[in-house]
Amino acid sequence: MKALYIKNAFAISPQATTSDRLERLEVLNGDFIHAQPINYKELIPPMSLRRMSTSVKIGLGCSLNVLKDSDCSMPDAIISSTGMGCLEDTEKFLNNILEQHEELLTPTSFIQSTHNTISAQIALHLKCKAYNNTFSHASISFESALIDSQLFVEENSNSNVLVGGVDEIGSELIPLTKELEQDIQIPFSEGGAFFLLTDNTPENLPCIKDVITYNSLSEIQLKKCTEKFLELNGLNPSSIDLLILGSNGDNFDVYYSQMKHLFPENLMALNYKNYFGEHFSASALATFLGYLILKNQKMPGRSLPKPIKNILIYNQFKGKDHGFILMSI
């Protein structure tokens with residue numbers, strides 16, 4: 001598969017974001033952390049904005065900023081991902097069913113709650129009739145969208161693909177999930193990141209070199225699959241300069257411990273969910289962080305001890321849905 005070069009990226013998360021940068025990273029504390037909104041009124045007409053859910057605002061806000069900074073008015077494809085879809089409208093629709101005893105329901109909340117609403121709203125705003133797809137595969141939704149981007153550029157050279165992942169907290173379902181998943185030690189949160197990807201660039205840009213997912217892996221299989229993934233890309237464990245891991249403090253963090261043992265002891269490792277929280281699109285924010293590190297050769301707010309050329313992002317949720325993203329420059 002071809003490498004996907006990142007022309008530009010933008011994220012909205014619990015961390016403060018200006019332009020395509022994170023000024024600093026602060027460890028999150030609490031049970032639920034909302035994303036810090038940008039000034040959406042600069043991008044979206046107020047009449048449209050007031051009808052949008054949080055996830056649509058995040059997705060559209062990120063997308064318009066990415067396209068503006070890339071001087072690209074129309075992408076060749078829009079591919080989005082979300083684990084839970086538009087939760088606020090889903091909760092509103094389900095509550096209406098209960099309150100009105102399944103009678104005289106307005107379809108608006110249902111229409112706006114579907115998982116492809118984010119991609120659809122981006123396309124409607126841009127008047128873009130190109131390829132449009134949405135992936136909802138729990139914690140590997142964003143990785144699945146990246147794989148679809150790889151397939152798209154294989155068939156359509158010199159394309160600009162707008163790809164991203166978004167999830168929102170809502171007000172009822174995620175708090176209930178938090179009660180059921182009390183072993184998770186970091187806050188549940190929301191946010192998203194979008195990227196403009198291309199297979200052809202004359203510039204030395206950060207790229208997503210390869211992506212792979214597994215639904216189920218044992219700890220022994222994790223070692224073999226990681227080594228094979230690196231080998232397929234002409235690398236070995238000593239070639240990786242930074243590990244970005246999705247540890248959340250539950251019993252399944254043993255996978256991340258096993259992953260660290262595959263690499264040299266002095267390898268830098270970063271737990272990104274300490275800064276972005278837990279949600280099904282968190283790996284999109286890990287990729288945004290990897291992009292900034294490769295592009296600027298420093299961590300937000302501090303320098304690095306050596307140049308970073310290769311980054312491996314690894315995430316899993318409850319021992320399932322293992323996602324590997326290899327980034328390089």
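Helices are DSSP runs of H or I with at least four residues, numbered from the N terminus. With that in hand, a walk through this predicted model can begin at helix α11, which covers residues 282–296.

Helix α11 has 15 residues, and at 1.5 Å a residue these should span 21 Å. The C-alpha atoms at its two ends are indeed 21 Å apart, so expectation and model agree. Of the 15 residues of α11, 13 are buried, and the helix is therefore largely enclosed by the rest of the structure. Directly after α11 comes Gln-297, with a positive phi near 55°. Gln-297 takes this positive value although it is not a glycine. The residue sits in the loop that leads from α11 to β13 (298–299). Its relative accessibility is 30%, and because the range for partly exposed lies between 20% and 50%, Gln-297 counts as partly exposed.

A second residue with this kind of backbone angle is Lys-127, which is likewise not a glycine and has a positive phi near 55°. Lys-127 belongs to the loop between α5 and β6 (131–135). With a relative accessible area of 69%, Lys-127 is exposed, since the cut-off for that class is over 50%.

Helix α5 also leads to the largest pocket of the model, where it gives 4 residues, the largest share of the lining. The space in this pocket comes to about 200 Å³. Two elements, α2 (54–70) and α5 (117–126), each give two or more residues to its lining. Readers following along in the structure can find the pocket by its lining residues: Ser-48, Arg-51, Met-52, Ser-53, Val-56, Leu-60, Asp-89, Gln-112, Thr-117, Gln-121, Leu-124 and His-125. Sorted by class, the lining holds 6 polar, 4 nonpolar and 2 charged residues.

Attention now turns to the strands, beginning with β11, which runs over residues 242–245. In a regular strand, side chains alternate between the two faces of the sheet. Strand β11 has Leu-242 and Ile-244 pointing one way, while Leu-243 and Leu-245 point the other way. All of these residues are buried.

Strand β11 is joined by 4 bridges to β12 (residues 268–271), and the two run parallel. Within this pairing, Leu-242 has Met-268 as its bridge partner, and Ile-244 is partnered by Leu-270. To get from β11 to β12, the chain passes through helix α9 (residues 254–261), forming a β-α-β crossover that is right-handed. A further strand, β15 (residues 310–317), is also parallel to β11 and is joined to it by 4 bridges. Here Ile-244 has Ile-313 as its bridge partner in β15. Ile-244 thus has a partner in β12, Leu-270, as well as one in β15, Ile-313.

One last stop is Glu-190, found in the loop between β8 (188–189) and β9 (191–198). The relative accessible area of Glu-190 is 4%, so this residue is buried, the cut-off being under 20%. Along the sequence, Glu-190 and Thr-54 are 136 residues apart, yet in space their C-alpha atoms are separated by 9.2 Å.

Notes. Residues numbered from 1 in each chain as written. Predicted model: local features only at pLDDT ≥ 70, side-chain atom pairs only at ≥ 80, totals over all residues. Heavy atoms only, no water. 1 Å grid on protein atoms, 1.4 Å probe; cavity = no way out; pocket = protein on both sides within 12 Å on 5 of 7 lines; lining within 4 Å. Points joined across faces, edges and corners; volume = space filled by probe spheres on them. Nonpolar A, V, L, I, M, F, W, Y, C, P; charged D, E, K, R; others polar. Buried < 20%, exposed > 50% of the residue type's maximum accessible area, 1.4 Å probe, protein only. Pairing = 2+ DSSP bridges. Right-handed = clockwise from strand over helix to strand, strands pointing away. Expected span 1.5 Å × (residues − 1).
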